[in-house]
Amino acid sequence: MQSFTEENYLKIIYHLSQNHDGTVQTNAIAEKMQTKAASVTDMIKKLADKELVDYKKYQGVKLTPTGKSAAINIVRKHRLWEVFLVEKLNFRWDEVHDIAEELEHINSAELIERLDEFLAFPKSDPHGDPIPDKSGKFDAVAFVKLNKLKRGDEGLIMGVSEHSSAFLKHLEKSGLTLGKAVKITEINDFDGSIELTLERKNLSVSREVAKHILIKL
């Protein structure tokens, strides 16, 4: 069994590894954890001793199959708790991340299986992120970032890649929430901002916001 801190490291390494070949640099972990690289190295060595990661100095760190399985299990618990908080306790999608960060450390497999069944086996969390099943398998979902679309493209908002409360509140205020249909009407060459229609309304979205909105075409 891992400590809370060890579980947090495994989860962060897992998320960071999705953007690379599976290998993550310690500096990237330190930045995400908001701690010193030396502290990260000490923790990585502990995880390596438990055979949860493979670590080579100057070459980065990679989850072992055991470490990856543990990380996916934490992700599964986090996302199921987010669904529960939104659907059953009426929290907003910008309120649940920090609470789920605490609940994800409850180590009861039976509780999580009952929670999954109680929620009717949801496939995604309130932010559109896929929820792995009890075997750790995800449903394949094809999304395109809003900033990668071209003029005339249209689709549905199905997820976000930024989960901060400030960002989600901004989307809520703009009406850019899950399931909404959008159509690109113009892309501004100067600043990369996007003009689109949203439920018959015209809306301008900055490039910074657009790169974190996931669209299903």
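Where does Thr64 lie in relation to strand 3 and helix 4? In this predicted model, Thr64 sits in the loop that links strand 3 (60-63) to helix 4 (65-87). With a relative accessibility of 9%, Thr64 counts as buried, because buried means under 20%. Beyond its neighbours within four places in sequence, Thr64 makes contact with Glu51, Leu52, Val53 and Asp54.

One of these partners, Val53, leads on to the largest nonpolar core. This core has 21 residues, of which Leu10, Ile13, Ile29, Ile44, Leu47 and Val53 touch the most other members. Two or more residues each are given to it by helix 1 (4-17), helix 2 (26-33), helix 3 (37-49), strand 3 and helix 4. Helix 1 provides the largest share, six residues. Both domain 1 (4-63) and domain 2 (68-138) contribute at least three residues to this core. Ile44 offers a good view of the packing: leaving out residues up to four places away in sequence, Ile44 touches Tyr9, Ile13, Ile29, Val53, Tyr55 and Val61. Another core, of 20 residues, lies apart from this one and includes Leu149, Leu198, Ile213 and Ile215.

Turning to the pockets, the largest has a volume of about 1,400 Å³. It is lined by 38 residues, and His15, Lys32, Arg79, Ser161 and His163 are the closest to its centre. Helix 1 appears here again, supplying six residues, the largest share of the lining. At least two lining residues come from each of helix 1, helix 2, helix 4, helix 5 (97-103) and helix 7 (165-174). By type, the lining comprises 13 nonpolar, 13 polar and twelve charged residues.

Technical notes. Residues are numbered from 1 along each chain as its sequence is written. This is a predicted model: local features need pLDDT of at least 70, side-chain atom pairs count only at pLDDT 80 or more; totals for chains, interfaces and linings use all residues. Side-chain values use heavy atoms; hydrogens and water are left out. Helices (H or I, at least four residues) and strands (E, at least two) are DSSP runs, numbered from the N terminus. Buried means under 20% relative accessible area, exposed over 50%, partly exposed in between (1.4 Å probe, protein chains only). Contact means heavy atoms within 4.5 Å. A nonpolar core is a set of buried Ala, Val, Leu, Ile, Met, Phe, Trp, Tyr and Cys residues joined through side-chain atoms within 4.5 Å. Domain bounds come from an automatic or database domain assignment. On a 1 Å grid over the protein atoms alone, a cavity is a set of points where a 1.4 Å probe fits but cannot get out, and a pocket is an open set with protein on both sides within 12 Å along at least five of seven lines; lining residues have an atom within 4 Å of a point. Grid points are joined across faces, edges and corners, and a volume is the space filled by probe spheres set on the points. Ala, Val, Leu, Ile, Met, Phe, Trp, Tyr, Cys and Pro count as nonpolar, Asp, Glu, Lys and Arg as charged, and the others, Gly among them, as polar.
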